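Please examine the structure shown here. The explanation below leads through it in two parts.

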Amino acid sequence: MISPVKRILKINEWFHPDGFPISVERREPQEDFEPHAHEFAELVIVTGGKCLHVTGNDSWDLTAGDAFVIAGKREHEYQDLMDLRLVNILYQPNQLKMGLIDLPSVPGYHALFTLEPARKNKQATKGPLHLNGKELARVTELVNRLESELMAREPGFGFMATACFMQIIGMLSRCYGKSPSPDGRALLRIGEALSHLERNIHREVNLDELASIAHMSRRSFLRVFQAATATSPLAWVIAQRIQRACSLLRQTDRRVTEIAFDVGFNDSNYFTRQFTKVTGLSPRNYRMRQRGS
Ligand code: RM4
Ligand code: NI
């Protein structure tokens, strides 16, 4: 039986009134806190102590060096707290003014920021990313800088804080690839396939190629991919292309047909159909809506 989410932490209660989409909340220690979900995403880095982390039907022990992301409507809670210390980096994914540049070519990025947070209802697993002492010290340093920019809020803080945040997620993504937990290894393989898809977003999806990148047979690749992303490789690529099309529609005046080609469709009618299916709006209506008509 699925119990209803009890509490949802609201954006307007946890972010600065100026609307900046990143915020840091340290818990030293973490006090008892009821099960909850967030209207934002939460990157958690454990700096000390212990506890049991429960999310959905999943639960695992946390210790210093563990890092994970709670996103979407996922609910979570800490149990059996033993002097648990952590830092929460709260962020609003759609409001961040930053480009990922070539980060999606790092498999760990997908494993940590797109696959792991989306995973639900799996049996108990080991925490997704574990930093060693040196890595933890380096991230902590970046978090400190992020936090002091956010506290001082001097002109330019938005730029500086975003840059710190980018360094943090870049570093964590790289670390993920270095020492994946046994469970993370499978995600990482799918992450590698996603990086490949991302780098070749204009090309047709080639299942045999993807399966060999993930070191799996075609059949098990499809099964694992589906389990990790809740979608198929082709549907994933189309969703990515449409996401890019959305930002081009919002940010440029390029014509719909041009945008269709830009993002990798070679038939603009097909693009319009897929776009409408995914967003519920035609590209033109989407553009009008976004621009406040
Ligand atoms: C709580 C706990 C939650 C977090 C909020 C912001 O103390 O750490 O997980 O979502 O703070
Ligand atoms: Ni939380």
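The text that follows takes up a metal site and then a helix.

The model is a predicted one. A suitable place to begin is the nickel ion (ligand 2), whose protein donors are His-36, His-38 and His-76, each through NE2, together with Glu-42 through OE. These donors lie 2.1 to 2.3 Å from the nickel ion. Along the sequence, the donor residues follow the spacing H-x1-H-x3-E-x33-H.

The geometry of the nickel site is octahedral, with 6 donor atoms and angles of 77 to 174° among them. For reference, ideal angles at a metal with six octahedral donors are 90 or 180 degrees. Of the donor residues, His-36 has a relative accessible area of 4%, and the value for His-38 is also given as 4%. His-36 is therefore classed as buried, the cut-off being under 20%, and His-38 is buried by that criterion as well.

The second part concerns helix H7, which comprises residues 218-229. Its 12 residues reach 16 Å from the first C-alpha to the last, close to the 16 Å expected at 1.5 Å a residue. Which residues of H7 are buried? They are Ser-220, Phe-221, Phe-225, Ala-228 and Thr-229. Viewed down the axis of H7, these buried residues fall within an arc of 140°, so they line one face of the helix. The general background is that an α-helix has 3.6 residues a turn, so residues three or four places apart point the same way. Arg-219, Arg-223 and Ala-227, on the other side of H7, are exposed. After H7 comes Ala-230, which has a positive phi, near 60°.

Technical notes
Residues numbered from 1 in each chain as written. Chains lettered and ligands numbered in written order. Predicted model: local features only at pLDDT ≥ 70, side-chain atom pairs only at ≥ 80, totals over all residues. Heavy atoms only, no water. Helix = DSSP H or I, 4+ residues; strand = E, 2+ residues; numbered from the N terminus. Expected span 1.5 Å × (residues − 1). Buried < 20%, exposed > 50% of the residue type's maximum accessible area, 1.4 Å probe, protein only. Arc of directions from axis to C-beta. Donors = N, O, S within 2.8 Å, 3.2 Å for Na, K, Ca; no water. Tetrahedral: all angles 85-135°; square planar, octahedral: opposite > 155°, others 65-115°.
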